[in-house]
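Before reading on, take a moment to look over the sequence and the model side by side. The paragraphs below go from ring pairs to charges over rings, and then to a helix and an annotated repeat.

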Amino acid sequence: MFKFLKGVVGGSGTGLKDLPYNVGEPYPTAWGSWTHHRGTSKDDGSPVSIFSLSGSNAQDGHLAAGRNGVKRLRTVRHPNILSFLYSTEVETFDGSTSRITLYMVTEPVMPLSDKIKELGLEGTQRDEYYAWGLHQIAKAVSFLNNDCKLVHGNVSLASVVVTPTLDWKLHAFDVLSEFDGNSESATGPMLQYEWLVGLQYKPMELAKSDWVAIRKSPPWAIDSWGLGCFIYELFSGTKLGKTEELRNTGSIPKSLLQDYQRLLSSMPSRRMNTSKLLENSEYFQNKLVDTIHFMEIFTLKDSVEKDTFFRKLPNLAEQLPRQIVLKKLLPLLASALEFGSAAAPALTAFLKMGSWLPAEEFNVKVLPTIVKLFASNDRAVRVSLLQHIDQFGESLSAQVVDEQVYPHIATGFSDTSAFLRELTLKSMLVLAPKLSQRTISGSLLKYLSKLQVDEEPAIRTNTTILLGNIASYLNEGTRKRVLINAFTVRALRDTFSPARGAGIMALCATSSYYDINEIATRILPNVVVLTIDADSDVRSKAFKAVDQFLQILKQYYEKTTAGDTSAAGTVGISSIPGNASLLGWAMSSLTLKGKPSEQASLPPINSGAPLSSTASNASSAMDAPSTAPARVNSSTDLADQPVPVSPTSTDGWGEIENGIHEEIDSEKDGWDDIEPLEEPKASQALANIQAAQKQPVSQPKPEAATLRPKNTVKATKDDDDLWGSIAAPAPRSTSKPLNVKAASTLDDDDPWAAIAAPPPTTRARPLAAGRGRGAKLAAPKLGAQRINRTSSGM
């Protein structure tokens with residue numbers, strides 16, 4: 001029901017205290033006697049429009065018409081008709097006189113005449129926008145006349161308002177009434193408040209108050225005339241003063257002129273129905289109208305049509321009026337994406353349109369939709385978000401990233417699609433600075449630890465690069481625990497040469513985080529080996545890294561020599577210029593089909609391959625270095641060096657570091673095949689040979705002291721012994737007889753095994769009966785013979 005609240009209070013204007021809205025400044029223009037105010041809700045501050053109409057008494061004709069308009073607007077709902085929110089009637093007293101004011105609250109709108117001046121559109125863009133607006137008003141009038149059998153009676157420029165999304169809406173329903181043309185008994189005026197309409201807007205029959213002719217006319221006759229008046233005011237830019245001015249058609253577009261003339265026909269029965277105007281006029285066929293129309297009904301389109309439309313939309317949006325795109329198309333796209341009815345390509349257009357907004361509006365209109373999209377299960381949407389994260393990542397707040405965005409992105413680290421894993425990895429370059437230390441240490445580093453041993457070499461390479469880039473966002477304890485292990489134990493030993501190169505680059509870029517002991521005992525020994533890497537790029541980077549770290553050591557030496565004891569524990573020297581900047585991605589993106597990029601990698605090589613081969617062809621093995629990364633461990637020499645310990649670490653790298661100080665034959669951390677760097681002395685090898693020569697073969701060999709740590713890999717090749725191709729293996733601490741067991745390989749316990757022939761591996765078997773030398777051969781039989789075969793011989 002229509003709600004009337006009458007507040008009788010003392011003083012003028014104080015009755016507004018009961019209105020749940022704040023009344024703001026009025027617009028300069030409004031229809032009829034109404035005043036159009038800006039306003040806001042007292043509850044949430046949302047914008048509204050407030051229309052007010054005042055009268056000296058309750059029987060005032062303007063108030064009666066206003067009440068009719070409020071009632072009609074409440075009951076009639078259509079997308080192109082102004083939306084009603086609230087109404088009230090307040091009576092105020094000023095001394096002995098009273099005044100009644102009617103308030104009507106609607107959605108926020110602006111008079112069309114003011115909006116046209118504000119937009120300032122010209123040329124084709126103006127015509128396209130006018131075509132879209134006229135299309136909307138024609139639909140509203142057609143709905144009233146054809147569907148509701150109502151007559152608006154006052155269609156003009158003043159009765160049209162514009163929403164914040166630039167939609168045109170019809171209002172001013174004060175004169176609106178039912179069309180009673182089928183009522184033969186009706187004789188009085190059909191439009192009770194037609195006196196409110198200006199004479200220049202009335203067709204001939206209405207101006208003469210010929211109600212008989214009006215009732216015999218079609219329901220749309222009066223409003224078709226009014227629509228013609230609206231078209232004239234729209235394109236001429238002036239308010240209609242006289243009916244005769246409608247004959248000035250110079251400003252009317254040629255494609256609309258014929259329909260304009262039919263709308264203003266002098267014969268009511270021949271006036272064009274507004275529904276026919278929508279169907280027949282070629283004026284409405286333009287890019288803007290077609291685009292908005294598709295967006296409004298695209299839920300009815302199939303997937304192929306949607307995909308084609310959204311792929312063309314980014315380029316099409318550049319040709320449309322910018323304000324229309326930002327205020328109309330952008331909200332439509334946001335709604336479609338949030339409710340899942342838009343395809344992933346729509347996100348590209350959405351972000352492109354959003355980039356045209358100021359930063360404040362971008363945060364309000366675009367970011368909330370993007371945050372919601374991260375929770376989407378559509379893999380194509382997730383891929384599109386990650387591909388464009390550089391466009392909006394900086395605008396996301398740290399709290400939103402840590403609490404709402406990252407939990408959804410993190411699922412991509414373990415996705416079955418290699419392409420999605422790589423995009424997730426690269427997105428961390430933008431998002432990692434906004435993550436809390438708890439999230440980085442407790443979640444992100446765990447995923448990066450797994451990605452560093454991913455089956456895709458490009459992902460392993462880029463994981464190393466990412467660690468180098470985000471090192472500054474790790475706390476000191478995490479850097480001590482993670483960086484060296486990740487770059488040396490894993491990256492420098494990767495079978496993929498770009499991964500090894502990335503490890504060297506990462507070490508150089510993060511050189512300021514390492515102290516002297518770490519550089520001298522853990523970094524340089526691992527990097528120096530790569531100076532003989534099979535890949536020339538790796539060798540080049542290794543030499544540069546060695547020079548950089550040696551320069552740091554030299555500067556430290558100069559400081560300590562000069563008596564600067566403050567530099568005894570730390571380096572205090574930043575990395576060389578050129579390395580301190582962010583590392584770029586070393587690998588190109590994987591294909592969308594998810595094909596592995598192993599085609600560009602080195603052939604898989606056994607990680608146990610030594611620097612030189614121990615094959616009999618020793619010279620050729622020494623000339624060609626192995627393509628496998630060198631495996632270096634300084635645990636025997638570095639046991640006394642201070643290394644940060646993190647027994648509670650769960651990020652995947654702490655176990656590697658902790659295992660350095662444990663027994664190397666422990667298989668806890670997966671790096672138990674790391675061997676010491678030191679080489680056996682030549683004099684010891686010669687002593688072994690001489691001892692072997694003096695020892696009788698028939699006697700068990702004596703027990704000898706071990707010359708190598710027991711933790712070396714039991715293989716026929718020795719990684720750290722460059723003399724392995726010619727030197728005899730070191731004797732073991734226990735002795736056994738030579739004939740304990742026969743083996744097909746060399747016996748490590750026999751010093752002569754390198755040159756002695758292997759013992760026989762077979763034993764003589766007794767000759768089968770009838771098969772020995774003393775057996776007499778059976779005489780051959782002539783002719784066909786019957787051969788008896790059993791089933792087992794078949």
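Rings of Phe, Tyr and Trp, the last represented by its six-membered ring, count as a pair if their centres lie within 6.5 Å, and a pair is called edge-to-face when the planes are over 60 degrees apart. In this structure, which is a predicted model, there are 12 aromatic pairs. One of them joins Tyr129 and Trp168, whose ring centres are 5.5 Å apart and whose planes stand at 90°, an edge-to-face arrangement. Because Tyr129 belongs to helix α3 (residues 123–147) while Trp168 belongs to strand β9 (residues 168–170), this pair ties together parts that are 39 residues apart in sequence. Both Tyr129 and Trp168 are buried.

The residue that follows in the numbering, Tyr130, has a pairing of its own with Phe235: the ring centres are 5.6 Å apart and the planes meet at 80°, so this pair is edge-to-face as well. Here the link runs from helix α3, which holds Tyr130, to helix α6 (residues 221–236), which holds Phe235, and it therefore ties together parts that are 105 residues apart in sequence. Tyr130 has a relative accessibility of 5% and so counts as buried, and Phe235, with a relative accessible area of 6%, is buried too. The four residues named so far are members of one aromatic cluster, which is formed by Tyr129, Tyr130, Trp168, Phe230, Phe235, Tyr283 and Phe284.

Elsewhere, aromatic rings have charged partners. The charged end of Arg38 sits over the ring of Tyr27, at 4.0 Å from the ring centre, and Arg322 lies over the face of Trp356, where the distance to the ring centre is 3.7 Å.

Turning to helix α15 (residues 379–387), one finds that Val381, Arg382, Val383, Ser384, Leu385 and Leu386 are buried. What covers these buried residues includes α12 (345–354), α14 (367–373), α16 (389–392), α17 (398–409) and α18 (418–431). At the N-terminal end of α15, Asp378 acts as a cap, with a side-chain oxygen placed 3.0 Å from the backbone nitrogen of Ala380.

Finally, an unreviewed UniProt entry carries the annotation "repeat: HEAT" for residues 366–404 and 523–561. In the model, the stretch 366–404 is 69% helix and 0% strand, with 16 Å between its end C-alpha atoms, whereas the stretch 523–561 is 85% helix and 0% strand, with its end C-alpha atoms 23 Å apart.

Terms used: Residues numbered from 1 in each chain as written. Predicted model: local features only at pLDDT ≥ 70, side-chain atom pairs only at ≥ 80, totals over all residues. Heavy atoms only, no water. Phe/Tyr/Trp six-rings, centres within 6.5 Å; stacked < 30°, edge-to-face > 60°. Helix = DSSP H or I, 4+ residues; strand = E, 2+ residues; numbered from the N terminus. Buried < 20%, exposed > 50% of the residue type's maximum accessible area, 1.4 Å probe, protein only. Lys NZ or Arg CZ within 6 Å of the ring centre and 35° of its normal. Contact = heavy atoms within 4.5 Å. Polar contact = N/O pair within 3.5 Å; in protein donor to acceptor, adjacent residues only side chain to side chain. UniProt positions renumbered as here; feature names shortened; annotations may be inferred.
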